[in-house]
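User: I am new to this structure. Please take a close look at one part for me: the nonpolar core, and how it relates to the domains around it.

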Amino acid sequence: MTDATQSGPMLAADGTPLKKSLARSLRRRKLRALALISPLLLFVLLSFVIPIVSMLFRSVENGIVSQTIPLTVVELQNWDAEGGELPNEAVYAAFTKDMLAAIEAKQHTRLGSRLNYEKTGMSSMFRRSGRQIKKLDPEADAPFKDKLIEIHDGWGDVDTWRTIKTHAVPITNGYFLNAVDMRRTPEGAQAQPDDKKILIKLFGRTLMMSLIITGSCVLLAYPISYLLANLPMRISNLLMILVLLPFWTSLLVRTSAWKVMLQQQGVINETLVWLGLVADDARLVIINNQFGTIIAMTHILLPFMILPMYSVMQTIPPTYTRAAKSMGATNWTTFWRIYFPQSIPGIGAGSILVFILAIGYYITPEIVGGTKGVFISNRIAYHISSSLNWGLAAALGTILLVVVLVLYWAYDKIVGIDNVKLG
Amino acid sequence: MIGLPRDPVFKVKIYGYNRELTMKVTKTTLMASAIAAVAGGAMAEEMTIVSWGGAYSKSQLKAYHEPYSEKTGVTILNDDSSAEGVAKLRAMNEAGNITWDVVDAVAADAIRLCDEGLAMEIDPDTMLAPAPDGTPASEDFGDLLVSDCFIPQIVYSTTFGYRTDLVGDNPPTEICAVFDLENYPGKRSLEKRPINNMEWALLCDGVAKDDVYDVLATPEGQDQALAKLGTIKDSVVWWSAGADTPQLLADGEVVMGSTYNGRLFSVIEEQKQPVAMLWDAQVFDLDGWIIPAGLSEERKQRALDYIMFATDTQRLADQAKYISYGPARASSAPLVGQHAELGIDMAPHMPTDPENAKNTFLYNYEFWADYRDDIDAKFQAWLAQ
């Protein structure tokens, strides 16, 4: 470095310092690279990252109460929810004013649907009351307390106001509590009644069954991949097509085909009865339960396990096993000490693929899962498309995402993500 | 090393898989933007109508779409998305880009859409055609106008079909046969949701028909219904698609099962399977149209024009030529004729036929709008036990 200060900085052909000129060209190259990928980056950002983040945000977003009935929410601050007494006239007056504005904007039934998730009956209460409140005048018709209670006796129920006050916060933990079988109450978080607890159970079942499916995929895929990787090219190509063929068939078709196979009047049972292995009145129940889900999903996800395993096994040089054998190792030792360790990256890659796909499946469990083989995704689908409780669906989805990330992290710690190869 | 030539196979497959997904998305986006682009300019000839698909969409195509296109020159695009209609409409509404003009929805969904502000309010007397004798639409449809946004089209029912060859000499005549494992052994299929099942359970547990919803509103009543369902739980195959029960009946997998009456009609009359109807305690439900809120004035007028045409007395009666669902207008009932292809009289196959409608339920929309989430949570927890 001292040399450099003595003889001045090294110069490029055009007289600028070389360092500067290099940095500039590097920056230009980086910018060009960025420009090249920017359409893709923008596309991914717009069509993937932003929708997901905004969907996840719904799991805490709860502006609807304070936006629809802002005056009431302010007035309710002064009301003691624990006291067991109805709020005073000021709250009712504010509520009437809020409702008149909300009815004008056709927002009141929306709030009713939102609050109905927390207290059954709110939906019709808002809808029905709306038709009557519309006729009231915010000045001339005061006081409102008795009038509202006359319109619907729900307004004379302390619980109604407690529910509104509890859920008036713009950012809520209510959906997340619901997602883990709890609920937000004026007294803080409480467990759901026992006969409504289901989501934790479903989370556990989803994880457990996804693990079983991944495990059975490994067991089935390993010998097939080994065979594919070690047979002559001509035969293995043919076998490869057999592996890929179901992969190209519609998911629904494959699932329905399993239904035909597994049901009690189905192919498998008919064959067993015909062979005399099973009595006609004691046919096996192998569908509409967990077993059916495991079979169908293992079949559907198998190619995702075979393909990475196969491409990793292809790269294992046969010379290693030959060397081991020439030094006196038995077949088993050769396999276990030489071949198997080299095939682990394929198992890792396949397992991650299959597990993550399995955890989010819902069509197959819905069709063949019966009551005991459904996954948490089936509830997410229900809340997205039927109950429209997108907040709860988003909370469930967020939890699922976090669980997957945690498992991925644990996997990285135990196996090491560098040890995963897709080929 | 050895595998190098074939390594790319896998990568191509994975890439191909993603590409397929991406392409789907792009296609939809393209279509959406194309429709949006057209919406701004000359869209005089196109509208998108959303319905359920299958035989039902076909009946609408024949009875409504084709005559309407012929009359006005409007091209009608079909989208079979009604099953996800509510969620998709909400997503479109939030994205501010509504690509649907008229949507077929069951009444319960229509009420939900109306509550959420996603459907336009309808004034029946100015927006719908009066009956031929001049009766205003509000009277012609009567009580079936269950929501401010809903334009009824058909009355369908959820009812039971049974295998005639599996019930011996003792065909079931009343609903409680479903809970009678002794006389009717074998599996039965029920829908995987509380609606209808809870009512039937209470009815067969000795609750009077008029009290069913009062009882069901209490936690004890809900437990009572679940307990009754519990007596047959091990013999139930739960369905989630309307096509399941017909298939299960045809395969002999179940001895009886609930589904929509039109599906059973097609099993019995079109496929000639040994199946018969058990009309007792059938639950009437309504299906009809909604117009999404927030359409441009031009599209709104076109949607209304279509609705005016498609829900008039003759058109509703015409639909019954293709599918065994009852027209929602009182004035259409006398016009119901024969099946267009089978040539059989359709009137006796209508759920509203007096012979079939001796003991019926009407889906209690208000009750279920309130209690659906609550009871569904209980029901699902009970199922998972």
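Analyst: What follows starts with the core and then turns to the two domains of chain B.

The model is predicted. Its largest nonpolar core has 159 residues. Four residues have the most contacts inside this core: A:Leu301, B:Ala110, B:Leu113 and B:Ile290. Which helix gives the largest share of the core? Helix α15 of chain A, residues 290-314, does, with 14 residues.

Now take B:Ile290. Set aside its neighbours within four places in sequence. B:Ile290 is then in contact with B:Val103, B:Ala105, B:Ala110, B:Leu113, B:Ala119, B:Cys149 and B:Phe150. Two of these, B:Ala110 and B:Leu113, are also named among the core residues with the most contacts.

There is a second, separate core. This one has 22 residues, including A:Val73, A:Leu115, A:Phe126 and A:Trp155.

Next, the domains of chain B. Domain 1 covers 45-155 and 287-335. Domain 2 covers 157-286 and 348-384. Their centres, taken over C-alpha atoms, are 28 Å apart. Where they meet, 17 residues of domain 1 are in contact with 14 residues of domain 2.

What builds the domain 1 side that touches domain 2? In chain B, α4 (107-115), β4 (151-163) and β8 (275-290) each supply at least two residues. The largest share, three residues, comes from α4(B). By type, this side of domain 1 divides into 13 nonpolar residues, three polar and one charged.

Definitions and conventions: Residues numbered from 1 in each chain as written. Chains lettered and ligands numbered in written order. Predicted model: local features only at pLDDT ≥ 70, side-chain atom pairs only at ≥ 80, totals over all residues. Core = buried A, V, L, I, M, F, W, Y, C linked by C-beta atoms within 7 Å. Buried ≥ 20, exposed ≤ 12 C-beta atoms within 10 Å, placed from the backbone. Helix = DSSP H or I, 4+ residues; strand = E, 2+ residues; numbered from the N terminus. Contact = placed C-beta atoms within 7 Å. Domains from an automatic or database assignment. Nonpolar A, V, L, I, M, F, W, Y, C, P; charged D, E, K, R; others polar.
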